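Reader: I am new to this structure and would like a close look at a single part of it, the place where two helices meet over a sheet. Please take me through that part in one connected account.

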Amino acid sequence: MLDMQYVRDNAELVKKATKDKGFDSSVIDELLSIDEKHRALIAEVEKIRHDRNNLNDQLKKNRTEELISQSRSLKAELDKKEPELDALAQQVKELALKIPNPSAADVLVGKEEDNQVVRQVGKIKDFSFPVRDHLELGMLTKTLDLTAGTKVAQSGFYYVKGMGAMLEFALVQYALNKLAKHGFTPVITPNVANEHSVVGCGFQARSDKERQIYHIDGEDLDLIGTAEITLVGQHQDTTFNASDLPLKYAGYSYCYRYEKGSYGRDVRGIIRVHEFRKIEMVVFCLPEESDAIHEKLREIEEEIWTELGVPYQLIKMATGDLGNAASRKYDIEAWMPSQNKYREVTSTSNTTDFQARRLGIKVRRNGGTEYLHTLNGTAFALGRAMIAIYENYQNEDGSITIPTVLQPFIGTTVIPVQK
RNA sequence: GGAGAAGUGGCUCAGCGGCUACAGCACACGCUUGGAAAGCGUGCGUGCGAAAGCACUCGCGGGUUCGAGUCCCGCCUUCUCCGCCA
């Protein structure tokens with residue numbers, strides 16, 4: 001949600017920004033026209049309220065039938081107009097929620113194919129044997145079991161077993177250790193959130209086409225797609241002192257993705273699944289700090305993938321690929337030998353005051369209050385990290401060497417093939 | 001699930017149906033100071049308006065009343081006790 005005053009004053013800019021993101025910009029004209037009606041009715045209703053308040057003040061001292069009847073007739077007028085006012089306010093709110101956060105000035109205008117490769121880091125290994133994909137490796141080492149997931153739940157759910165499970169916990173330990181050094185507080189969050197929190201973060205809660213989110217029937221609860229929702233949402237309706245900021249969290253949660261509309265894509269293995277675990281960074285900060293902190297989150301992500309020794313490329317997304325909330329977004333894509341290409345493993349966004357405004361998260365300073373900024377970034381999407389490690393560290397026999405940096409957390413150097 | 005109590009600004013809390021919802025803490029700015037603390041002053045929920053100002057706001061939604069933080073009804077949440085339970 002944007003500041004209504006800002007939309008009024010910068011209608012053309014907002015329209016362009018909305019179009020740049022690939023959203024329907026006609027809502028802005030619609031919004032402005034409803035907003036105008038809304039404000040006119042506010043003035044009208046407030047005038048009636050004012051008259052009635054005055055009348056009631058007089059009545060306190062001087063109780064006459066004449067005044068009482070006047071007050072009653074004003075009340076009747078209000079009873080007629082207030083529902084109209086509420087309806088208009090509701091419309092304004094709904095339309096305003098449809099406008100995405102404009103992109104930052106340095107973001108390239110364009111579509112997904114205009115995303116910019118900022119740099120490629122790490123040397124792509126030249127395997128002397130035919131490479132296997134992560135699923136084959138997972139089966140050879142008996143660390144991935146998709147069949148069991150399908151039997152017990154459905155396709156898109158999977159088991160991680162043996163050394164695979166140990167590797168996932170090692171990744172968690174490694175990441176939390178690193179993030180603690182950067183001042184992040186580790187958090188284990190709920191894996192569900194109510195609709196207000198989901199929508200407040202800029203996610204579409206229940207649109208059936210392109211549905212992304214699981215809903216719990218009969219409850220105001222969705223399964224979260226990312227701990228961003230629970231980490232940002234935990235401070236809704238909160239005003240911080242400037243000295244409390246920045247607040248940095250490293251949240252561990254399960255993540256649920258419905259993935260409707262992506263049938264047939266990445267069906268093999270665990271690249272695209274309905275459930276996985278993730279460590280997510282979320283920062284609350286002063287508005288003027290958010291750009292620098294965004295670069296910091298990006299650096300931490302690059303540091304992680306550099307230390308893991310997995311080749312990656314850094315992508316700066318164009319406006320059309322930013323989504324609803326982000327003003328700027330970087331993805332890291334790790335090299336996947338079996339596919340002979342880079343695939344997304346992290347994403348970090350500066351959402352500026354977009355989420356804060358929707359969720360009422362403010363900072364108090366200079367004698368007033370203002371909305372703060374929120375940012376998020378993936379530390380590890382654990383499934384995809386596992387894929388990247390498996391494929392890049394595979395040996396000829398199908399065993400997997402543990403990256404040096406993880407060895408202290410797992411206590412071994414290799415995941416062996418199991419008979 | 002049962003019984004009781006409570007929800008007022010970032011926090012702690014006052015508020016017999018009627019002026020502008022009390023106060024303290026915290027925070028910001030200023031005065032004071034060699035510097036700080038203390039002290040003093042100002043500000044510190046939302047909307048509309050260029051502004052003066054007006055309106056709204058006491059968990060949420062209804063109702064009674066000329067008038068509701070206050071009375072009535074429903075709901076939500078939290079706390080205490082009981083029950084169940086990893």
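**Two helices over a sheet**

Author: The axes of helices H7 and H12 come within 10 Å and cross at roughly 115 degrees, where axes are lines fitted to C-alpha atoms, for helices over the stretch in contact, and angles run from 0 to 180 degrees between N-to-C directions. That makes H7 roughly perpendicular to H12, a term that covers angles of 65 to 115 degrees. Helices (H or I, at least four residues) and strands (E, at least two) are DSSP runs, numbered from the N terminus.

This is a predicted model, in which local features need pLDDT of at least 70 and side-chain atom pairs count only at pLDDT 80 or more, while totals for chains, interfaces and linings use all residues. Residues are numbered from 1 along each chain as its sequence is written, and chains are lettered from A and ligands numbered from 1 in the order in which they are written.

Where the helices meet, Gly164, Leu167, Glu168 and Leu171 in H7 face Leu382, Ala385 and Met386 in H12; residues are in contact if their C-beta atoms, placed from the backbone, lie within 7 Å. Two of these residues, Leu171 and Ala385, are, together with Ala334, those with the most contacts inside the largest nonpolar core, which has 86 residues. Such a core is a set of buried Ala, Val, Leu, Ile, Met, Phe, Trp, Tyr and Cys residues joined through C-beta atoms within 7 Å, and buried means that 20 or more other C-beta atoms lie within 10 Å of a residue's own.

Beside the helices is an open sheet of 8 strands in the order S1-S10-S11-S12-S15-S9-S8-S4, with mixed pairing; two strands pair if DSSP finds at least two bridges between them. Strand S1 (116-121) and S4 stand at the edges with a single partner strand each, so one side of each is left without a neighbour in the sheet. Helix H7 (residues 162-181) packs on this sheet, touching S4, S8, S9 and strand S15 (373-381), and its direction makes about 145 degrees with that of S15. Helix H12 (residues 382-392), for its part, lies across S9, S11, strand S12 (341-350) and S15, running at about 40 degrees to S15.

Among the strands that H7 touches is S8, which is largely enclosed by the rest of the structure because 7 of its 10 residues (247-256) are buried. On one side, 4 bridges join S8 to the parallel strand S4 (residues 185-188), with isoleucine 188 opposite tyrosine 252. S8 is also joined by 10 bridges to the antiparallel strand S9 (residues 275-285), where cysteine 255 stands opposite phenylalanine 276.

Terms used: Buried ≥ 20, exposed ≤ 12 C-beta atoms within 10 Å, placed from the backbone. Contact = placed C-beta atoms within 7 Å. Parallel < 35°, antiparallel > 145°, perpendicular 65-115°, else oblique.
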